[in-house]
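Please open the model in a viewer and keep the sequence panel at hand. The tour below proceeds by selections, each followed by a description of what is found there.

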Amino acid sequence: MRWTVISAMLASLLAVPFAGAADGYTMRDFDKVSKIDAHLHLHGENQDAWLALARKDNFRALTVNVDYPDFPSLAQQRRVAIAAARQHPRQIAWAATFSTEGFEQPEWGAATLKDLDGAVANGAVAVKVWKNIGMSLRDSQGKLVMVDDPRFDTLFNGLAQRGVMVLGHQGEPHNCWLPLEQMTVENDREYFAAHPAYHMYKHPEMPSYEQQMAARDHLLEKHPNLRFTGVHLASLEYDVDRLGRFLDAHPGVNVDVAARIGQLQYQSQRDREKVRAFFIKYQDRLMYGTDLAQSTEQDDAGFVKDMDTVWRRDWRYFVTGERFAVPELDKQVRGLSLPRAVVDKLYRINVEKAYPQAWH
């Protein structure tokens with residue numbers, strides 16, 4: 001009877017999903033490991049609540065300015081980011097952006113570079129180019145302007161010469177070109193239901209997904225020395241095989257996982273080992289980020305609670321082999337149990353290499 005009980009206990013233990021790779025981390029390591037969120041948006045004048053959480057959870061951050069109508073003005077975003085990075089240089093770095101207003105004027109490129117030189121002098125470590133180029137920006141003839149348009153050559157040539165990292169958000173998730181009911185993750189359904197102007201399934205007159213990707217790839221071909229990070233998994237989040245081919249074709253390019261982990265989890269529900277192998281093969285090219293943003297509709301306590309929840313849930317996916325529920329999917333997902341060295345690169349080492357002047 002005694003051996004029967006012991007055998008049953010051992011069988012029960014072996015049936016529990018493995019918490020992590022043999023050389024990996026566990027949930028107990030979460031606040032012990034130095035980490036960086038390389039893609040979020042801090043808009044508050046006072047960052048005390050966020051800083052307290054970041055120090056507790058052992059995080060630093062790159063806050064990214066974006067020419068997004070739902071965000072504060074570009075001037076306010078820049079002012080807040082400069083102040084935060086100056087006051088807390090070991091915790092916060094920032095990325096600038098630019099306005100496309102007047103882009104058809106001959107002097108626009110040089111003037112924009114001068115403005116961005118000022119941002120870099122004030123501590124900016126990167127420049128964001130947003131999806132409005134390719135999805136909403138039109139010229140004086142009413143023609144939609146893509147990111148590889150020659151009128152941007154002066155800007156991108158100048159950024160390449162300066163060695164400034166460009167954070168590229170071109171197009172949208174592949175789900176954007178599908179009806180809501182065919183989208184693979186809940187956060188895409190929610191976003192595009194709330195932002196129909198960006199739901200390209202409803203706008204067949206707009207460029208296709210493939211045209212958006214081709215314009216981005218052509219930009220990289222035109223400016224081969226441009227330091228570039230494709231944010232949101234370079235909008236190739238739906239297929240790690242295709243994302244791998246993109247990285248192979250552009251060996252100097254990185255990508256971040258911000259706001260696209262649900263799409264990775266959708267794939268790993270179907271072929272976990274393929275997704276895990278992707279992270280191991282491209283471990284030097286991937287950076288962690290959340291894309292969470294402060295808003296006037298949410299108080300600081302709510303924002304930091306959400307951030308802590310997301311940080312811990314993402315850590316669980318990358319470092320453990322546990323099965324758990326995620327809000328983007330209707331079935332549980334199993335974690336990837338990535339090796340410790342891969343996790344360190346994802347969460348810190350690759351980010352520090354990309355932004356060597358940050359967090360000092």
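Begin with the largest nonpolar core of this predicted model, which has 114 residues. Select Trp-50, Leu-159, Phe-279, Tyr-288, Phe-318 and Tyr-355: these are the residues with the most contacts inside that core. Next, highlight residues 300-319, which form helix 12. Helix 12 gives the most to this core, contributing 9 residues.

For the wider setting, colour residues 36-355. The unreviewed UniProt entry lists this range as "domain: Amidohydrolase-related". Over this range the chain is 44% helix and 12% strand, and the C-alpha atoms at its two ends lie 11 Å apart.

**Helix 2**

Now select residues 48-57, helix 2. Which residues of helix 2 are buried? They are Trp-50, Leu-51, Leu-53, Ala-54 and Asp-57; Trp-50 is also among the core residues selected at the start. Because these buried residues cover an arc of only 165° around the axis, they lie on the same side of helix 2. Turn to the other side of helix 2, where Asp-48 and Arg-55 are exposed.

To see what covers the buried residues of helix 2, add strand 1 (35-40), strand 2 (59-64), strand 3 (92-97) and helix 12 to the selection; the covering elements include these four. Helix 12 thus appears here again, having already been met as the element that gives the most to the core. Then step past the end of helix 2 to Asn-58, which follows the helix and has a positive phi, near 65°.

**Strands 3, 4 and 5**

Select strand 4, residues 124-129. Of its 6 residues, 6 are buried. On one pairing, strand 4 meets strand 3 in the parallel sense over 3 bridges, and Ala-96 stands opposite Val-127 of strand 4. Follow the chain from strand 3 through helix 4 (residues 108-121) to strand 4: this β-α-β crossover is right-handed.

Next, bring in strand 5 (residues 165-168). How many bridges join strand 4 to strand 5? There are 4, and the two strands run parallel. Centre the view on Val-127, which stands opposite Val-166 in strand 5 as well as opposite Ala-96.

**Three serines in loops**

The remaining stops are single residues. Select Ser-73, in the loop between strand 2 and helix 3 (74-87). Ser-73 counts as partly exposed because its relative accessibility is 42%, a value between the 20% and 50% limits. Draw a distance from the C-alpha atom of Ser-73 to that of Ala-93: the two residues are 20 apart along the chain, and the separation is 19 Å.

Before the last two stops, one point on backbone angles is useful. Most residues other than glycine have a negative phi. Ser-235 is not a glycine, yet its phi is positive, about 55°. Find Ser-235 in the loop between strand 6 (228-230) and helix 9 (240-249). Is Ser-235 buried or exposed? With a relative accessible area of 1%, Ser-235 is buried.

Finish at Ser-337, in the loop between strand 10 (333-334) and helix 13 (340-354). Ser-337 has a positive phi of about 50° although it is not a glycine. Its relative accessible area is 4%, so Ser-337 is buried.

How values were computed
Residues numbered from 1 in each chain as written. Predicted model: local features only at pLDDT ≥ 70, side-chain atom pairs only at ≥ 80, totals over all residues. Heavy atoms only, no water. UniProt positions renumbered as here; feature names shortened; annotations may be inferred. Core = buried A, V, L, I, M, F, W, Y, C linked by side-chain atoms within 4.5 Å. Buried < 20%, exposed > 50% of the residue type's maximum accessible area, 1.4 Å probe, protein only. Arc of directions from axis to C-beta. Contact = heavy atoms within 4.5 Å. Pairing = 2+ DSSP bridges. Right-handed = clockwise from strand over helix to strand, strands pointing away.
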